[in-house]
Each structure stands twice: as structure tokens, then as C-alpha cells.
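Me: I should like a close look at a single part of this structure, the largest nonpolar core. Please describe how it is built and set it in its context.

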Amino acid sequence: MRIRLAALLVGTALTFGMTFAAMAQDKVTDKNVKIGVLTDLSSLYADLGGEGSVVAAEMAADDSGLKAKGWKIDVISADHQNKPDVGAGIARRWIDTDKVDIIADVPNSGVALAVNNIVKEKNSILLDSGAGSSELTNTQCTPNTVHFTYDTYMLAQSTGGAMVKAGGDTWFFITADYAFGHALENDTTAVVKANGGKVLGSVKAPLNTADFSSYLLQAQASKAKVIGLANAGGDTTNSIKQAAEFGIVKGGQKLAGLLMFLSDVHSLGLNVAQGLNLSETFYWDANDQTRAFSKRFSERLKTHAMPTMVHAGVYAGLLHYFKALEALGGNPHDGAKVVAKMKEMPTDDPLFGKGVIRIDGRAIHPAFLFEVKAPAESKGPWDLYKLVGTTPGDQAFRPLSESKCSLVKH
Amino acid sequence: MSINLQALSAQLLVGLINGSFYALLSLGLAVIFGMLNIINFAHGAVYMMGAFCAYFLLNVFGIGYWPALILAPVLVGIFGMLTERTMLKWLAGLDHLYGLLLTFGLALIIQGVFQNYFGSSGLPYAIPSELQGGINLGFMFLPIYRGWVIVCSLVVCIATWYLIERTRLGAYLRAATENPTLVRAFGINVPRMITLTYGLGVGLAALAGVLSAPINQVRPLMGADLIIVVFAVVVIGGMGSIMGSIITGFALGIIEGLTKYFYPEASNTVVFVLMVLVLLVKPTGLTGRAV
């Protein structure tokens, strides 16, 4: 009897001991990192993010130099199918059971805003590159989110501002009917009005529309000087192609592709896309460093495409994340703590140059206004842009003085 | 909202253009279902293959749009006949569900393979030089190519209807679906006829693919996005009814066009709302026979 009781006591003690050990282990700083790339692997944003973002994350892990110092870095990925509920489900599972430390990329603002709430609730990290909504670092900002590559405010300032200044003072919007499209339309409307322009109307087209002719006819009938395309990916390429068909540009109206990626221009072809103005924060052919990265990238990608700015943002954002981890002396598995360190250290990487991550989570770097080359000017299948203007980082993004982010002290 | 008559007529015409695609695709589905009793979920995938086929003919072999209009449907049709001979044949007489699952699986595989090699944003295909430009109709600027799509689709739809409902060959076909054993007893090779019919249905989808290549990007998922709407069209028109699917195709294109004008947010759901209403009132579809 006494032996049994002793055994029971020892057993209980052991169980408790192990539980405590397990609980403590959760917060122990170690050298293991797990990255989850949550992206669109199958639909309209798969070329601007997708498999390329996974490759970019793997390259960042390889190039961080941490593996040689005994760190263990895993990269996993999943397809959110552009559905916020699907994306949120994956994010929860990743954080709760797969022990993912950081969720990267997440194109589609609807999904990104859902994941944004989850990482805050669970003290994980969202390193967003693919989504556009500037709300991620404005009203919806969290201490766990970094928004790296671009946002709708910057696109509105750079492309929208340039077009109004060039005389395009009346606008009509064709807007993708979800969070990103609405944000882009609102941000651009503000820029147009601030520069003395007028918005004549807008139409909301469902996401992933194949035929834009109805919307284009409404835009044509509005007689606006500029037709602003507040959409992305396949929606943008379809609207531009069909606008050419309906003689919209020949009729004197201008198209503003408010968000266009290298992959879109490449797939449209220069015959249709030539002369379009667009804004990006990264172009593969900008300097020796971006060319070197892009060459390595396209060799690893199955389709051998050049990287978009979203891919570049995943790479550069994760490099900065690794630097912060190294400065912390290990991975504390504490999202807010790592993000605070990322904000404290200035960013410096081969693709975006020197910059900072502000208190609201916004990464600051210059924005470039490009013009799509004419077929005669292009020397190769990916020689697509010429630089026509640069907006310095401190002017490209929403100033903190206008911010509604709760982390910003006014 | 004030109704602008000019804008409205423009939207009606645009709806008619989209209706041309719905009609061509739902016609193929109706032919296949009517003659083979197979719910062909691979229809969107073969539509996409038609567009890709036109792209390859042009960029690899230098064969332009006009020959592709004939060649691509024939090539994709042959692919269709091969799948019928090697796979679908074995499902004859089984529940509809088997054919549906097999063709759905096929569609996923085909789309996956194309997406693996060509990505998702697609490839450009230019409008043939003869059909570039447009005509100003007063109420709208009609691109010549879109006008051509309406004409071409109408001609093909009516020819197919005539072939099946008014010719001796069509009579054999319809007889073979009613009673294959009896028709075989008259010395007609029924299995070969079934294979050819499947090829015809698939060829119609591929033709729609070629027609749409210059309008949309040639994308691996172009069919997946469209096929669900087309199925709704077939359900509304009545499974297996040739004329029903043609008329419903054009009509729904117009209704969708009007929705895009009055309440664009609902434009990709209006077809399904109609489908629900029709199913509630007349479960066999507007012109359909009982399944």
C-alpha cells in the first residue's frame, strides 16, 4: 500500500513537473524559427505572390547566414484561396499547433486584415508584403504587424498624384469590390481632390471578373479624363486589354493602373501596356544588387519569371526579421518583442536600400514611378520599365501626423 | 437612378456578347449530356485548352487565328475523343455522379498542369488584324471583334441545332440515346457515334476558347471561372435541351449585362438567383425533359 502511494505521488509529481517544463519551454529563447508563407497559390494573385513568395522566403533563410551559426529555419506554405475565413483558419492552426513564428506575404487585403487580428490576439507576427490596404498600419495597426512593400496610400500618392499634375483632373474609378479596392479608391480620391481634381463616379466590379466591357462603357460614358483602375492582378490585365479593344485610350481618356505588378505587364505584353504609368518600390533591373538577386530568384522558380516587388518584400522583410532575431540572441517566440526590435533597428538590404520600420508597422522606402516601355525600346522579355520619377520614403507613405493608429502618440 | 437609354442599349449589346460564350459552352454541355448522359465538368478545362491551343499554334508554328479557329477545336476534340475512349466509356450506364467526379478530376489535373507551366496571369493573344478597330454605333463603340463573336456563335449554334434535330445523322444520334441496342441492330456503330458526339461537344468548347483568346488573357483558370455560370445556364435552360441551352445562354448574358448596369455588385450572383427561382418553379428547367 505504502509503495503504491509512493508510486502515485512520484507519478503525479512527474506529470506536474513535465507539464511545467512544457509550459516553460514555450517561452524559452532558442534557435528554431518557423516561417509560414500564406499566399495565393492557385488564383489571380499567384504570379505576383504565390510560389515566388515561397522561393523568396527560402532564399532569405539561406542568405541570412543563421543556418551556418546553428539555427534551424523551416519554411512552410499554404494557399488561402483569397478567402478570409480560409486564411484565418490556416493562421490559427499554424500558430496554435504548428508553432509558426511569423506569417509572411498574405496578398489580398481581406485575408490580411483577418490574419492581422489573429497575430495580435496570439502574439505572433504578420510580415505583410502582398496586401495593399493602408489600413493595416492605420486604424487596424497592431504591435505584431509589419507592412513591408507598398500600400494603397503610396500608390495613390505616386501614380495618382503624378497623373493629376499631368492634367488628368477628372476621374472615374473601376474598383475591385473588396477591402483593397475600396481602400485604393478612397486614398486616390483624397489625392485627386487635394490636387484640385474631381471624381465623376465609380463602379464596383466583383473580384475576379473576366469581362470588364460593361464597366468600361460606363467609364467611357462618364467622359472623365482618367479612368482609375483600383484593382489588381488578373482584374487589371483584363481591364487594360479590353479598354484597348473599346478604343478608350484612342478616344483620349487615360488609364491609370493604380496597382500593377511586373507580372501583369509581362503577361499583357508591351503592345497593349506601352505608355502606362505605374508605381512600384522594387524593379529587378534597378542596379547590380537587384539584378544579382533576381537572377538567382528566377533560376529557382519553376516558371523562371523575374521577381515582383511582392517577392522582393518577402525576401527583404524576412532578412530584417532574422537580423532582429540575431540581435535578440535567439528566438524568444514572442511576436510583439521581435517586432519591437525590428522597429528599433534601421532596415538595410540589397533590394530596398536603407530605411526604417515606423512605430505603426509601416516599412519606409522610396517609391518609383515607372513608364512601360514601347516594344522597340525593350531589349528582352523582362525589360519592361523605364524610371520617370522617385518619391522619397518620407513623402510616399502616410505621415504619422495623419495616422489613426493607436500606437502613434499625437 | 435615371435610365440613360444609350447606355442601356450598349449594356444590352455587351450582354449579348457574353451570352454568345454562354450559349456556345452550354450548347456543348447539352449535346454531351443529351447524347451521353454525362455531366461534363471538364468543359471549362477544354475551353481553356482551346485558347492555349490557338496560342501555341500562333507562337510555336506560326499558324494564325483563322486556321486556329478550325484546327484548335479539331485537336482538342481529338483529345476529348481519346478521353472518352479510354476513360468515360467505362462509366456508361452508371450513376451520373461517376461521370461528374471523373470529369471534375480531369479538369483539376488539366488546369494544374497548365498552371504549373504557365503561371496564373496568362499569356497575350492579339486580335487578328482583319478584325481590329471598331464601329461607332452612335450609342456605343462596338469593337469589330466582338461583333464577329456574336455572328460566329449564332451561326455555330444554329448549325449544331440543325445537325442534331433536323438531319438523318442527328436522328440516328437521338435514336441511339433512346435505345442503343435497337439502333445497333440496324447496323449502326453506336460506340463510334458516341465518341464522335463527345468530340463535337468538346470541340464546341474549344471553339469558344479560341474566340475568347483575343478578348481575355489566355489563362489556365479562364474556364474554371466560367464553368460554374455555364452550368447554371444549363440548369435554367433544362439539362439536355439543345435549343433551350442556346436561348438561355443569350438571355442570361443580357440579364447579367443589365445587372452590371443597375447594380454591378450583384452581377456575378444574379445567374444563381435565377437558377434557384427556376428550380423552385420548374425543376426540369425552362425547356428541359425530366432527368
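Reply: The following account concerns the core first and its surroundings afterwards.

This is a predicted model, in which local features need pLDDT of at least 70, side-chain atom pairs count only at pLDDT 80 or more, and totals for chains, interfaces and linings use all residues. Residues are numbered from 1 along each chain as its sequence is written, while chains are lettered from A and ligands numbered from 1 in the order in which they are written.

A nonpolar core is a set of buried Ala, Val, Leu, Ile, Met, Phe, Trp, Tyr and Cys residues joined through C-beta atoms within 7 Å; buried denotes 20 or more other C-beta atoms within 10 Å of the residue's own, with C-beta atoms placed from the backbone. The largest such core holds 214 residues, and the members that touch the most others are Ala57(A), Ile103(A), Val115(A), Leu318(A) and Ala206(B). Its greatest contribution, 18 residues, comes from helix α1 of chain B, residues 5-36 (a helix is a DSSP run of H or I, at least four residues). From chain A, at least three residues each are drawn from domain 1 (32-150 + 286-366) and domain 2 (154-281 + 367-396), with bounds from an automatic or database domain assignment.

Leaving aside residues up to four places away in sequence, Ala57(A) touches Ile35(A), Val37(A), Val75(A), Ala104(A), Val314(A) and Leu318(A); contact requires C-beta atoms, placed from the backbone, within 7 Å.

In chain A, 56% of the 410 residues count as buried. Of its contacts between residues at least 6 apart in sequence, 73% join residues at least 24 apart. For the complex, the predictor gives an ipTM of 0.78 and a pTM of 0.80.

Technical notes. A residue is buried if 20 or more other C-beta atoms lie within 10 Å of its own, exposed if 12 or fewer, and partly exposed in between; C-beta atoms are placed from the backbone. Helices (H or I, at least four residues) and strands (E, at least two) are DSSP runs, numbered from the N terminus. Two residues are in contact if their C-beta atoms, placed from the backbone, lie within 7 Å.
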